[in-house]
Amino acid sequence: MVFGQVVIGPPGSGKTTYCNGMSQFLQLIGRKVAVVNLDPANDALPYECAVNMEELIKLSDVMVEHSLGPNGGLVYCMDYLEKNIDWLEAKLKPLIKDHYILFDLPGQVELFFLHSNAKNVIMKLVKKLNLRLTAVHLVDAHLCSDPGKYVSALILSLSTMLHMELPHINVLSKIDLIESYGKLAFNLDFFTDVEDLSYLQYKLDQDPRSAKYRKLTKELCEVIEDYSLVNFATLDIQDKESVGNLVKLIDKSNGYIFAGIDASAVESSKIAVGPVDWDYYRVAAVQEKYMKDDETFDDDNERLGD
């Protein structure tokens, strides 16, 4: 059983920086990490890449060969990857025994709520390699300073959650820079909890540019509240405590905290509904023991087969 994250979000939300910082943090707490770059346009990687999609196909080559723009080229590349999923499986198989995997995906948002090829790639890997993945959707925190942009971010987050069909955590990234964009209309909890958007509608009505879209905004806010799925964690990737709190949320969502724990259904339920407060150093040690026991079991089976 392999655990990991699918890192998605709009351009500029900090996905590559996140993968770099998250991989360093996870290594510090004792996990073996492999970062998989599935962005064919990302040619300046700050992290050590275990698997790079550019070995299979490059966006620049596709744009020249097929006379496509960057958006059309990315759709073509993801479609090509889906058709050559065996290549990616072969690259991942040596890693899945003992690595925690981070998938760094492109920033073109259409890939995650309009087109199905990116989702199909992830779902095929989940089924064939028995992966336990959480989608980490990054949204730049500066969008909170503009109510209209914030509503757009909510709609994007909700659409992506429904389309990807994975355990999902929305994250306000670059939270340390949020005050540099001006004072927020409400306190930060309002933007992370997403509970009563009527206050936001009132704020939008005060803006003459947004007033003419009053009815549309009201309907969109009602859709978001009716689903009641969207909320946000916050992240400062340079702050160890902030990253650690997010890791605990992710570990709970994809089941990493249960790996190797020999507990009854009742005890497991208590862990599931309890606060996200555990020692991830201990969890990493338990996971490592689980991996070794699993390998011993496989070796014993091979000897029995011989």
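1. A careful reading may begin with residues 296-306, where pLDDT stays under 50 and where the model has zero contacts beyond four places in sequence. This is a predicted model, and for the protein taken as a whole the mean pLDDT is 85, with 85% of its residues reaching 70 or more.

2. The interior can be described through its nonpolar cores. The largest nonpolar core has 37 residues, and among these Leu88, Leu92, Phe103, Leu125 and Leu131 touch the most other members. Helix α6 supplies the largest share of this core, namely seven residues. There is also a second, separate core of 25 residues, which includes Phe25, Tyr47, Leu102 and Ala233.

3. Leu88 deserves a closer look as a member of the largest core that is listed with those touching the most other members. Leaving aside residues up to four places away in sequence, Leu88 touches Val36, Leu38, Val51, Leu81, Val121 and Leu125.

4. The neighbouring position in sequence is Glu89, which lies in helix α4, a helix made of residues 85-92. Is Glu89 buried or exposed? Glu89 has a relative accessible area of 9%, and because buried means under 20%, this residue counts as buried. When residues up to four places away in sequence are not counted, Glu89 touches Leu125 and Lys128.

5. Two residues call for a check of their backbone angles, since most residues other than glycine have a negative phi. Ser67, which is not a glycine, has a positive phi near 55°, and its place is in the loop between α2 (59-66) and α3 (70-83). With a relative accessible area of 67%, Ser67 is exposed, because the value is over 50%.

6. The other residue is Asn130, whose phi is positive at about 55° although Asn130 is not a glycine. Asn130 is found in the loop between α6 (117-129) and β5 (131-140). Its relative accessible area is 33%, so Asn130 is described as partly exposed, a class that lies between the 20% and 50% limits.

7. On the surface, Leu162, Val223, Tyr227 and Leu229 together make a nonpolar patch of about 330 Å². Of these patch residues, Leu229 may be placed in the loop between α11 (214-227) and β7 (232-234). Leu229 counts as partly exposed because its relative accessibility is 39%, a value that also meets the patch requirement of over 30% relative accessible area.

Methods:
Residues numbered from 1 in each chain as written. Predicted model: local features only at pLDDT ≥ 70, side-chain atom pairs only at ≥ 80, totals over all residues. Heavy atoms only, no water. Helix = DSSP H or I, 4+ residues; strand = E, 2+ residues; numbered from the N terminus. Buried < 20%, exposed > 50% of the residue type's maximum accessible area, 1.4 Å probe, protein only. Patch = residues over 30% accessible without salt bridge, like charges linked within 9 Å, V, L, I, M, F, W, Y side chains within 5 Å. Areas by Shrake-Rupley, 256 points an atom, 1.4 Å probe, with all protein chains shown as cover. Salt bridge = Lys/Arg side-chain N within 4 Å of Asp/Glu carboxyl O. Core = buried A, V, L, I, M, F, W, Y, C linked by side-chain atoms within 4.5 Å. Contact = heavy atoms within 4.5 Å. pLDDT = per-residue confidence, 0-100.
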